[in-house]
Structure formats: structure tokens, C-alpha cells
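Trainee: Please take a close look at one loop of this model, beginning with where it lies. I would then like to see that part set beside others in the chain.

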Amino acid sequence: MIGPLSGVRDEAMSSKYRLVRSALPLVVVLAALVWTALVTRAQSGAKNGEWPTYGGDLANTRYSPLDQISEDNFSKLEVAWRFKTDNLGPRPEFQLEATPLMVKGVLYSTAGTRRAVIALNAETGELLWTHSENEGARGDVAPRQLSGRGLAYWTDGSEERILYVTPGYRLIALDARTGLVIPSFGTRGVVDLKLDDDQNIDLLSGEIGLHATPVVARNVVIVGAAHTTGANPKSFRAVKGYVRGFDVRTGKRLWIFHTIPVGSEYGNDSWEKNSNSYTGNAGVWAQISVDEELGLVYLPVELPTGDYYGANRPGDGLFGESLVAVDLQTGKRKWHFQLVHHGIWDMDIPCAPILVDITVNGRAIKAVAQPTKQAVLYVFNRETGAPIWPIVERSVEKGTVPGEWYSPTQPFPTKPIPYDRNGLAIGDLIDFTPELRADAVKLVSRYKLGPIFTPPVVSKLEGPLATLTLGTSTGGTNWPGGSYDPETHILYVFSQSSVTAKGLVPPPAGFSDMSYIQGTALEGARLTGGAGSEAGATSTAAASTPAADAGSLLVQGLPLVKPPYGRISAIDLNQGEILWQIAHGETPDNIRNHPALKGLNIPRTGRPGTIGTLVTKTLLIAGESGFFTTPSGARGAMLRAYNKSTGKDVGALFMPAPQSGSPLTYMLKGQQYIVLAISGGTYSGEFIAFRLATRKA
């Protein structure tokens, strides 16, 4: 267990934090019972032992009421089957991020470097059918490559369809039984998403795509948008990330929501100097959630063009970094809340809003909870958009970057307190020994430090090289999001403490028309793409990683900040309180074996990464990121199970590679399965399924 967060700066908020509790308070149990008696929960997790949509249900709770796998037997699970994805493209994939679906005994997923669709026998892993699109040059230059996060399933009780978005940004409908395209959908089974988007997009080179899955609700297919990295845009004029709804039977466009207002639309006045006319991005690259009963779709919108430099888009810039609720049938805005005004930190909104039914002060509320990169959980009434607990505007520092427009205030939720560190202070630095702390203090003396919303700086050799931050680009919670137990009203979320350098430099001649892009005076401008933006199907090399942060942010080869580097938090949404936190992930080998730490007793540090959790009737389940060496010498990662009430370890299974896609669970022929994607390093993508050992006759 871990104690109070050193990254919490507000004393009033910090005083409300309490150390880990060994068990849930009685009031939580009583509240859950009262709630059950008062209402029927619309958001109750995956049903009928299946997993029919990315998050288990349209609320993205990632919850299943299955209970065959429990604390008593988790560590006894055996591998039921494995499926390698190497041949689903011209080369293997090492970044398999999909969460498969399971319906009627068939497991569906995207996989491989060409983003093929596969159907497997969910009991044996046998391949039933596959579908693949060779998009040629359009696929090769697409901004969102590889297999993506998965697909969507739809049925009207007789017909069954699979829908997915290709790397080249085309929506395809397949017959779920055969894998053949549905010729009556769109044009011979395809809707070209670069068309009919209220803007002109080059069919070959237009920088728009999607890793997330489409979402289907009440015969409407909802599709978001993603782009190339905003750290170093080629131009401040870019493709806009509008969201659209399509008819699931015909592919006809039903509606479009302009994430950047057009003409006199609502939010137009939040853009100065007509900047909404040319600014792009503001896509929804995260998963989308839907409340079919309310007829509302919840859109987590990223920031507009320029992750760290927004001088070309003065103003708060709606609907950048806003949670927006729109009508399922028309796409009309019902309410919104902007989490970050005029973002220049790459906070985005990276993951699915989680729809939760909670009880606050004795009142039943249909709510929505939004995890974030800044490790702040924003909780709203999902019918009205009103914050469940006060969110106050507080003054923040104004930066010094020439030409930049700064918002004088930012929204700060009063509850729950941040579940991981954001901003960066001396107290966050590594402190295993006094010598390591001293080295860390010396290292950061060349940088600017500060609390959350400390702005980026123009990098100078004499300093500051950059603003160092936690809880921005690579911090907090990323695309896997969290999970929610509708019985206890507890939300579980993984987060990481990862430092990012926010430095700005002029781009090289001819690279961009922006005045500044990410980089440092020490290393120059960042010229590489972001996650999933390179190494398409026909590439001969593995995907490149983004440029390193300014200089080395390591201290004698160790992380700059103290652990935990990855943690899971349990948050009581009836009370808005953190119940417990644990370091998730085995201590990395380079820390366990570091000579400067010899003789020290260092508790499990956790590991940074992008990890999704799964919650069932009995367990909280999550795999590890990265590799470590077991006492027997094997290198791999663990799939771990925790007690939901306390966070105590109750079981672990060895895997040959880290978790790279979020786990799901289902029941088939009387047996519960857990399936997840694993990959990383030199280990190519694989789906692995666990179940209890079958009795021999």
C-alpha cells in the first residue's frame, strides 16, 4: 500500500486525504444496498456472460458479474489457448492493443500490422474467418497505424454485423458469421470517412485516422477521429476531428458534431481572431460512451492543433479538452464541460467516460466519471453536466512564450483529490539515498518546476531547458481508462508517474509554419511522430518511439522521481474519496539490481505504462507493463488479481510478455475465461486465454 500523494499541492484538498483503509467502510456497503432497493441500474456491466462491446457495456464500466474465477483459484488458472497475430500482415506487430469482443461463443478482434479482423472460437482459439484490407499508399501514410484497439458488434436479433475503422480511415461492415462485407452498407460495404465530413480532406494524405473502436447504440454507429502528434505539427492549419453518427444498416450519415464550432455555432465566441476557421485536431481519439436510456453520447475531446503551443488559436477554444454530451439520434449538443482552457500541455481527454449510478448524500444520481492524464477524476451529473462536487476556477501562472495566449484560470475539482502526482516539485524527486536526491536536485536545476498547469517555456541552453511535468502527456491515465463496480460504486483506475519535458524551439526551415514546436536547445526540435503514427503494414522496421525528453531525465540510470511509478487507485464515488492505492507492477530489474541501492529494502515500485483494469464480482484484475526477470530466470510479466476491498494481492499468473491490451472475461460452456493481448519489446502480438483446468474423464 502507498500513502498520501506528494504531488497534491492544495492544503485544503490534502487535508482530506486519509491513509489506506484495510476494508470498505460500512457506509459504502449500506449505500450500495439502499441504491439497489431504490433503482434498477441501467449501467451494470457486461451481461449474459459475454463481452459485446469494447468496455463490456456502453457505459465502459469494464465490469462483469462473473464469479467462477476467485481469490481461491486465480493462481491455478491455466492457459486455455493462444493466438499469434504475426501473419495478419506482411510483418509481425509488437504493439497489439486490442480488447476483443465475445458474443455467442465467437471472439472478434482486430489484429496485425494491416489491422485485419479475426473471428476465433472462444473456447479453443481456432481461427474461424479473417478479413483484411490492403489500402496501399493510403494505408501506408495513415497517421494511426497498426491493429488499433478493436471493433464493434451489432445485431437486431437476426442479422449480426462487425464494424471497424481501417488505418486509412474507412468504416467497414462485415457479416459476423462469415467475415464477408455487407454490400448494402455504404459503397459495397465501405463508408469512406474522409468524405462527407464538412471539410475537404485529401483522400491519400489527409492526416486523420482512428485507433479507437466505433461504437454502436440503437442502430447508430458513432465514429471519432485522431491525427498525427500535436507536438510538432507541420502547420497550424489542420484537419478537424469532427464526430459523426451513421445508420448501422445503410452507412448513411445521420449527424455530425463539429468539435470546433463552424460559423455562428455555440462556442464560436471562445475562438479569437477567427482562429476556429483554420485550426484543426480536437478529435475524439478515445473511446466513446453512450447512455441509451437517456439517449446521450459522451464525447471526450482532445485539444486543438498544437499540443504545447497555441498562439495561432487564441481563446479558450471550445470544445477542446471538453467532455461533451450530444443527442444519440441528432448529434445536437446537450451539455459540455471544458476540463482545460486553451490547452498547451497535451492533456487531451485520453479515455472513455465511465457512466456510473451513484448515491451522494442520500440522493441517487446518474453520473459520469472521467479519468485523465492529469490524474484528476472529473465527476458530473450525466443528465445535466452539473459537477457532483464543486469544481472551482483558480488562477494559474501566465507563461512567457512570445505570442502565446494564456487562460488566467483553470478548473480544479474539489473531490476526489488527484489520484496520482501532477506538476513537479523537489519533494517528488528520487530519494532512495541522500546522494541520489542530491543528484536529482542538480539535474532539475536546469529546468522549470511547478504545480499543475505550469506553462511550457522557450528552451534556452543556459536554462530553463524545459518545464518538467507529471500528469501531462505521458502521465496519469491514458487510453485504457478505468473500470467500475456497479455493486459497490467503486471506480478502479491505473495511473503512472512519468516525467515529460515541455520545451519549445523554432522548427527547422521548411518543417512547419508554427513559430515553435516541442524540443530543447540541447537536442533540437522533435521531428518524430507519436504513438502508432509510424511503421505501417509495409514498413520493414518496428515502430519508432518519440524523441527523448530534454537531455537525460535519469539519475544514475534510475527514474528522476520516486516511486510508485505505476499505481492502481480505488475511489469511492458515493463519497468522492480514495479508499486505497497500491503500487502495480513488479520492481524493474534495473532498480532491483542497481549498485547504488544494494542493501536497501525497497518495496514494490510499480511500473509505468498504459494498463487497463478488469473488475468482476470477485476480483480486480490487471496485467503488468514491461518485462522483469523472475527468480527462476524467466523474463516476462505478471497478470495480477487483487482483493477489491483492500487492494491486497490474491493471485498472479506469469505471462511471456506484458499486457498491451485491456483484459476481458466471459463464460462459455460453464467455464469462465480471461483473455488479453500481450506484446512488447521483441515479443510479437498474441492473444492469451486463461481458464480453470478442465476435469479429465
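Mentor: P564 lies in the loop between β32 (558-559) and β33 (566-572); helices (H or I, at least four residues) and strands (E, at least two) are DSSP runs, numbered from the N terminus. The bond to examine in this loop is the one joining P563 and P564, a cis peptide with omega of about 5°. The model is a predicted one, in which local features need pLDDT of at least 70, side-chain atom pairs count only at pLDDT 80 or more, and totals for chains, interfaces and linings use all residues. Residues are numbered from 1 along each chain as its sequence is written, and side-chain values use heavy atoms, with hydrogens and water left out.

A cis peptide bond is also found between L318 and F319, with omega of about 10°. F319 is placed in the loop that runs between β16 (296-300) and β17. Backbone torsions are notable at two further loop positions. R188, in the loop between β9 (170-175) and β10 (190-192), has phi near 55°, a positive value in a residue other than glycine. D346, in the loop between β18 (333-338) and β19 (354-360), likewise has a positive phi without being glycine, near 60°. R188 counts as exposed because its relative accessible area is 67%, whereas D346 counts as buried, at 11%. Here buried means under 20% relative accessible area and exposed over 50%, with partly exposed in between (1.4 Å probe, protein chains only).

β17, the strand that borders the loop of F319, spans residues 322-327 and includes A325. The relative accessible area of A325 is 0%, so A325 is buried. Beyond neighbours within four places in sequence, A325 is in contact (heavy atoms within 4.5 Å) with V297, Y298, K332, R333, K334 and W335. V297 and Y298, both touched by A325, fall within β16 (296-300). The C-alpha atoms of A325 and G385 are 8.1 Å apart, although 60 residues separate the two along the chain.

A369 offers a parallel case in strand β20 (residues 363-370), and with 0% relative accessibility A369 counts as buried. Outside the four nearest places in sequence, A369 meets P353, I354, L377, Y378, V379, L491 and L573. I354, one of those partners, belongs to β19 (354-360), the strand that follows the loop of D346. Between A369 and N381, 12 residues apart along the chain, the C-alpha separation is 9.0 Å.

Two further positions extend the picture. S64 sits in strand β1 (residues 63-64) and is buried, at 2% relative accessibility. With residues up to four places away excluded, S64 touches A46, W51, V615, T616, K617 and T665. G125 occupies the loop between β5 (116-121) and β6 (127-131) and is also buried, at 8%. G125 touches W81, F83 and L120, again not counting residues up to four places away. The C-alpha atoms of G125 and L107 are separated by 8.3 Å, the two residues being 18 apart along the chain.

W81, a contact of G125, leads on to the largest nonpolar core. A nonpolar core is a set of buried Ala, Val, Leu, Ile, Met, Phe, Trp, Tyr and Cys residues joined through side-chain atoms within 4.5 Å. The largest has 57 residues, and those with the most contacts inside it are F74, W81, Y108, L639, Y666 and F687. Strand β41 (residues 671-680) supplies the largest share of this core, six residues. Another core lies apart from it, with 35 residues, among them L323, V368, M514 and I517. In that second set, L323 falls within β17 (residues 322-327), the strand of A325, and V368 falls within β20 (residues 363-370), the strand of A369.

Finally, the chain as a whole. There are five helices and 42 strands. The radius of gyration, taken over C-alpha atoms, is 24 Å, close to the 26 Å that the globule rule gives for 697 residues, so the chain is as compact as a globular protein of that length; the rule is 2.2 Å times the number of residues to the power 0.38. The C-alpha trace spans about 70 × 60 × 55 Å along its principal axes. Of the 697 residues, 65% count as buried. Among contacts with a separation of 6 or more, 64% involve residues 24 or more positions apart.
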